[in-house]
Amino acid sequence: MVKAVVFDLDDTLIDWRAAHERYCRQMLSDYAPNLADAQREDALLWLMRLAGDGNVPLSSWIPAARERLGIAKPYEELLHERTRVFPEYTLPRPDMREVLGELSARYPLGLITNGEGRVQRRKIAVAGIESFFSSIWVSGEVGIAKPDKRIFILCMAAMGIRPQDAVYVGDNIRNDVRGALAAGMRAVHFKVPAYESCDGAPKIASLGELPALIKSM
């Protein structure tokens, strides 16, 4: 029987790639305003591919983007700008608030996210979801990042729930699915578009599928 549900943040509750695209478009507008439309779209696609699924560190992404666009502003200033501005482009997934509202009426909810504390906390604030969670853990604040099972165990201890009685929902197979399973939790693999999951974790392609799935577990 499930007694708690814990979520990942980026590309699970919020659409990281959509936010990144919005940021890249603004970057092109600010630093390469004279590009023709076709050149702008080519540069946008390059910037998106360069970031992958968000697993490319900014220490690599920013210098490459700076060189490609011929930006004169120093790396440190661009990094500060990205850290300050990017959370403001946060976009919730469809049905996010409805699903969190429905689940929070039945279970205590937790959140575990990798990233810098002030950045992730600001994303949570922009999404307007902090009140749904009884426990929020940010890797940059505790010095432990997924898939390290310790951050999952810390969250469970804070919630007073045994790991085997909780379900973790996330998009990343290594960090979310395998990390949660290693901590003794159950896991749900959320991915858009959906594709074959691993490790026996059920998969969903929309948050709207989640309440019924958890009820059946």
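1. By class, how many nonpolar, polar and charged residues does the lining of the largest cavity have? It has five nonpolar, one polar and three charged. Keep in mind that this is a predicted model. The residues in question are Asp10, Ile14, Asp15, Trp16, Ala19, Phe86, Thr90, Leu91 and Lys123. The volume of this cavity is about 40 Å³, and a search of the whole structure turns up one cavity of 30 Å³ or more.

2. Now the pocket. The largest one comes to about 810 Å³, and 31 residues line it. Nearest its centre you'll find Asp10, Trp16, Gly54, Asn55 and Asn114. Asp10 and Trp16 also turn up in the lining of the largest cavity. On chemistry, the pocket lining splits into ten nonpolar, ten polar and eleven charged residues.

3. Which elements give two or more residues to the lining of that pocket? They are helix H1 (16-31), helix H3 (58-69), helix H4 (75-85), helix H6 (117-127) and H9.

4. Overall make-up: the chain has ten helices and six strands. Its C-alpha atoms fill a box of roughly 60 × 30 × 30 Å along the principal axes. As for the radius of gyration, a compact globule of 217 residues would be near 17 Å, and the chain has 18 Å, so the two agree.

5. The six strands make one open sheet, ordered S3-S2-S1-S4-S5-S6, with parallel pairing. Why is one side of S3 and of S6 left without a neighbour in the sheet? Strand S3 (135-138) and strand S6 (203-204) stand at the edges, and each has a single partner strand, so one side of each goes unpaired within the sheet. Further in, strand S1 (residues 4-7) pairs with strand S4 (residues 166-170) in the parallel sense, over four bridges. In that pair, Val5 sits opposite Val167 of S4.

6. Two helices to look at against the sheet. Helix H8 (residues 149-159) packs on it and touches S1, strand S2 (109-113), S3 and S4; the direction of H8 makes about 160° with that of S3. Helix H9 (residues 173-182) packs on the sheet as well, touching S4 and strand S5 (186-190), and its direction makes about 160° with that of S5. H9 is also one of the elements that line the largest pocket.

7. Two backbone spots are worth a look. Most residues other than glycine have a negative phi, and most peptide bonds are trans. Asp11, in the loop between S1 and H1, has a positive phi, near 65°. The bond joining Lys146 and Pro147 is cis, with omega about 15°. Where is Pro147 found? Pro147 is in the loop between helix H7 (139-142) and H8, and H8 is the helix that touches S1, S2, S3 and S4.

How values were computed:
Residues are numbered from 1 along each chain as its sequence is written. This is a predicted model: local features need pLDDT of at least 70, side-chain atom pairs count only at pLDDT 80 or more; totals for chains, interfaces and linings use all residues. Side-chain values use heavy atoms; hydrogens and water are left out. Two strands pair if DSSP finds at least two bridges between them. Contact means heavy atoms within 4.5 Å. Axes are lines fitted to C-alpha atoms, for helices over the stretch in contact, and angles run from 0 to 180 degrees between N-to-C directions. On a 1 Å grid over the protein atoms alone, a cavity is a set of points where a 1.4 Å probe fits but cannot get out, and a pocket is an open set with protein on both sides within 12 Å along at least five of seven lines; lining residues have an atom within 4 Å of a point. Grid points are joined across faces, edges and corners, and a volume is the space filled by probe spheres set on the points. Ala, Val, Leu, Ile, Met, Phe, Trp, Tyr, Cys and Pro count as nonpolar, Asp, Glu, Lys and Arg as charged, and the others, Gly among them, as polar. The radius of gyration is taken over C-alpha atoms; the globule rule is 2.2 Å times the number of residues to the power 0.38.
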